[in-house]
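Hi everyone, thanks for coming. Please have a look at the sequence and the structure on the screen, and then I'll walk you through a few spots.

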Amino acid sequence: FIQKNQLQPKMLLNTHCHLDHVFGNKYIAETFGLVAQIHEKEKPVLEFAPASGLMWNMPFDNYTGELIFLKEGDTLAIGNDELLVIEAPGHSPGHICFYCAAQGFLIGGDVLFQRSIGRTDLPGGNHAQLIKSIKEKLFILPDDTIVYSGHGSPTTIGEEKLHNPYLN
């Protein structure tokens with residue numbers, strides 16, 4: 001898709017570093033000359049990813065390059081817009097989300113899904129912390145904010161406030 005549309009990626013951002021979210025990091029970094037950007041608490045999760053891959057019989061070459069650490073309140077310029085970094089731990093220790101107020105969307109990773117929430121049974125997961133992150137960090141965003149999660153269909157903050165069975 002990137003090559004077909006002659007696009008040039010500018011950043012390699014990870015909401016978190018579970019296995020299914022870092023498979024392509026090395027390829028993207030090497031192909032486009034990018035440095036992975038993560039929360040500092042995700043570094044051990046990233047380092048553990050190959051071992052996790054072996055447990056699921058999915059070996060892969062992990063990204064081992066330089067890291068840029070992001071934290072709550074950082075902003076990332078993208079064209080005329082910016083993404084605000086929101087710390088939302090619970091699914092993983094250093095899970096972050098990226099919020100674009102100007103365009104009304106959130107890249108939420110595996111925190112909030114359509115009618116569901118991220119799992120907390122993986123190492124570093126914490127159910128109470130996840131619920132707190134959603135209610136205190138995401139549910140304060142405008143109701144019409146579109147949430148693009150790491151899996152499944154988009155939803156909105158307002159829809160999840162009203163209909164998410166894990167949060168009512």
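Let's begin with Tyr-148, which counts as partly exposed because its relative accessibility is 39%. Keep in mind that this is a predicted model. Tyr-148 has an aromatic partner, Phe-105: the ring centres are 6.1 Å apart and the planes stand at 65°, so we call the pair edge-to-face. Where do the two residues of this pair sit in the chain? Phe-105 belongs to strand β7 (residues 105–109) and Tyr-148 to strand β10 (residues 146–149), so the pair links parts of the chain that are 43 residues apart. Is Phe-105 buried or exposed? Phe-105 counts as buried, because its relative accessibility is 18%.

In total, the structure has two aromatic pairs. The other one joins Phe-23 and Phe-60, with ring centres 5.0 Å apart and planes at 75°, so that pair is edge-to-face as well. Phe-23 lies in the loop between α1 (19–22) and α2 (25–32), while Phe-60 lies in the loop between α3 and β3, so parts 37 residues apart in sequence are tied together. Phe-23 is partly exposed at 35% relative accessibility, and Phe-60 is buried at 16%.

Staying with that second loop, please find Asn-62, which lies between α3 (43–55) and β3. Asn-62 counts as buried because its relative accessibility is 12%, and the cut-off for buried is under 20%. What does the side chain of Asn-62 meet? One of its polar atoms lies 2.8 Å from the backbone oxygen of Leu-46. Beyond its sequence neighbours, Asn-62 also touches residues including Val-22, Lys-26 and Pro-50.

Now for the sheet. Three strands form an open sheet in the order β1-β2-β3, with parallel pairing. The edge strands are β1 (12–13) and β3 (67–70), each pairing on one side only. Strand β2 (residues 36–39) is joined to β3 by four bridges, and one of the partnerships is between Ala-36 and Leu-67 in β3.

Last, the nonpolar cores. In soluble globular proteins, nonpolar side chains tend to be buried together. Here, the largest core has 17 residues, and Leu-106, Val-111, Leu-112, Ile-134 and Leu-138 touch the most other members. Two elements, β6 (96–100) and α4 (127–138), give two or more residues to this core, and α4 gives the most, with four. Leu-112 has contacts further along the sequence too, among them Ile-117, Phe-139, Val-147 and Leu-167. Apart from this core lies another, of 15 residues, including Ala-29, Ile-38, Leu-46 and Leu-67.

Thanks for listening!

Conventions:
Residues numbered from 1 in each chain as written. Predicted model: local features only at pLDDT ≥ 70, side-chain atom pairs only at ≥ 80, totals over all residues. Heavy atoms only, no water. Core = buried A, V, L, I, M, F, W, Y, C linked by side-chain atoms within 4.5 Å. Buried < 20%, exposed > 50% of the residue type's maximum accessible area, 1.4 Å probe, protein only. Contact = heavy atoms within 4.5 Å. Pairing = 2+ DSSP bridges. Polar contact = N/O pair within 3.5 Å; in protein donor to acceptor, adjacent residues only side chain to side chain. Phe/Tyr/Trp six-rings, centres within 6.5 Å; stacked < 30°, edge-to-face > 60°. Lists of a residue's contacts leave out its neighbours within four places in sequence.
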